[in-house]
Amino acid sequence: MTMSTWRFINSKMTVAENMAIDKVLLTSRSQGWAPDTLLFLEFTPCALAGYHQSVELEIEEDYCREHGIEIQRRVTGGGAIYMHEGTLGWAIYADKQTPAIPADRNEMYARMCGSIVNGLARLNVKATYRPKNDIEVNGRKISGTGGTELDGAFMYTGSLLIDFDVDTMIKCLKLPLKKLEDKQVQSFRQRVTSLHEEMGYVPDRKIIKKALLDGFSAVFGITFAAGELNKKEIALLEQE
């Protein structure tokens with residue numbers, strides 16, 4: 001496999017911009033305005049509904065407003081999630097004909113998640129991929145993933161738990177957990193983990209991002225060059 005160069009971007013945007021950027025970069029890639037891209041996203045506390053979900057049914061709006069937790073909607077499906085400073089988001093925007101991308105969707109999922117597994121191994125965290133969209137450490141979820149597509153391009157995105165605030169998550173989302181006994185809530189806590197728990201400390205973000213970049217490079221046979229949004233992408237983001 002020949003090496004190709006992808007762009008990577010470190011986002012320092014608001015939560016609303018982080019949600020809008022998915023549509024912007026997916027559109028940009030589908031129109032050929034930019035190369036295949038990996039984006040890192042950082043978050044302030046927010047509750048994100050899935051594309052097809054009702055915010056009223058899935059998110060505790062009053063609690064979120066009272067505690068400064070922003071409410072937004074993702075462009076991908078799935079359930080409502082809570083994101084905060086302890087979460088690192090990542091997303092790939094690529095042409096479906098890119099040579100490194102498998103044509104088979106399940107194989108593509110496996111290789112995308114395998115890249116994160118490879119990156120975590122560089123931090124001495126032994127993770128595994130559980131089809132079709134979870135990454136686990138000793139059977140405990142450390143990252144969920146999902147995606148969507150537009151014309152000839154696709155987006156595949158995930159969130160890596162660097163730290164985990166389960167108490168706030170339970171309070172800001174309308175989860176069945178609220179009706180469970182304390183023992184069952186504790187069981188839920190034990191099904192999720194974070195880099196903090198696995199490593200005993202919180203690594204520097206630059207070290208985490210470098211490990212993940214190296215993981216993608218190794219699995220897909222690509223190199224990365226740091227970049228920024230181009231003029232067309234900035235103009236489209238301003239319209240969202």
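## Burial of F220 and its ring partner

F220 has 1% relative accessibility and therefore counts as buried (under 20% relative accessible area; exposed is over 50%, partly exposed in between, with a 1.4 Å probe and protein chains only). This is a predicted model, in which local features need pLDDT of at least 70 and side-chain atom pairs count only at pLDDT 80 or more, while totals for chains, interfaces and linings use all residues. Residues are numbered from 1 along each chain as its sequence is written, and side-chain values use heavy atoms, with hydrogens and water left out.

The structure holds seven aromatic pairs (rings of Phe, Tyr and Trp, the last by its six-membered ring, with centres within 6.5 Å; planes under 30 degrees apart are stacked, over 60 edge-to-face, the rest tilted). In one of them, the rings of W6 and F220 are tilted, because their planes stand at 35 degrees, with the centres 6.2 Å apart. W6 belongs to strand β1 (residues 4–10) and F220 to helix α8 (residues 205–220), so this pair ties together parts 214 residues apart in sequence. Helices (H or I, at least four residues) and strands (E, at least two) are DSSP runs, numbered from the N terminus. W6 is also buried, at 2% relative accessibility.

## The F8–F224 pair and the cluster

F8 and F224 form an edge-to-face pair, with ring centres 6.4 Å apart and planes at 80 degrees. The pair links F8 in strand β1 with F224 in strand β11 (residues 222–226), 216 residues apart. F8 is buried at a relative accessible area of 15%, and F224 is buried at 17%.

Ring pairs join W6, F8, W90, Y109, Y156, F216, F220 and F224 into a cluster. The charged end of R111 sits over the ring of F220, 4.9 Å from its centre (the criterion is NZ of Lys or CZ of Arg within 6 Å of the ring centre and within 35 degrees of the ring normal).

## Helix α4

Helix α4 (residues 105–121) has 17 residues and reaches 24 Å from its first C-alpha to its last, close to the expected 24 Å (1.5 Å times one less than the number of residues). Its buried residues include M108, Y109, M112 and I116.

## Strands and the largest pocket

β9 (140–150) is among the elements that each supply at least two residues of the lining of the largest pocket, as are α1 (15–31) and β10 (153–161). The largest contribution to that lining comes from β9, with seven residues.
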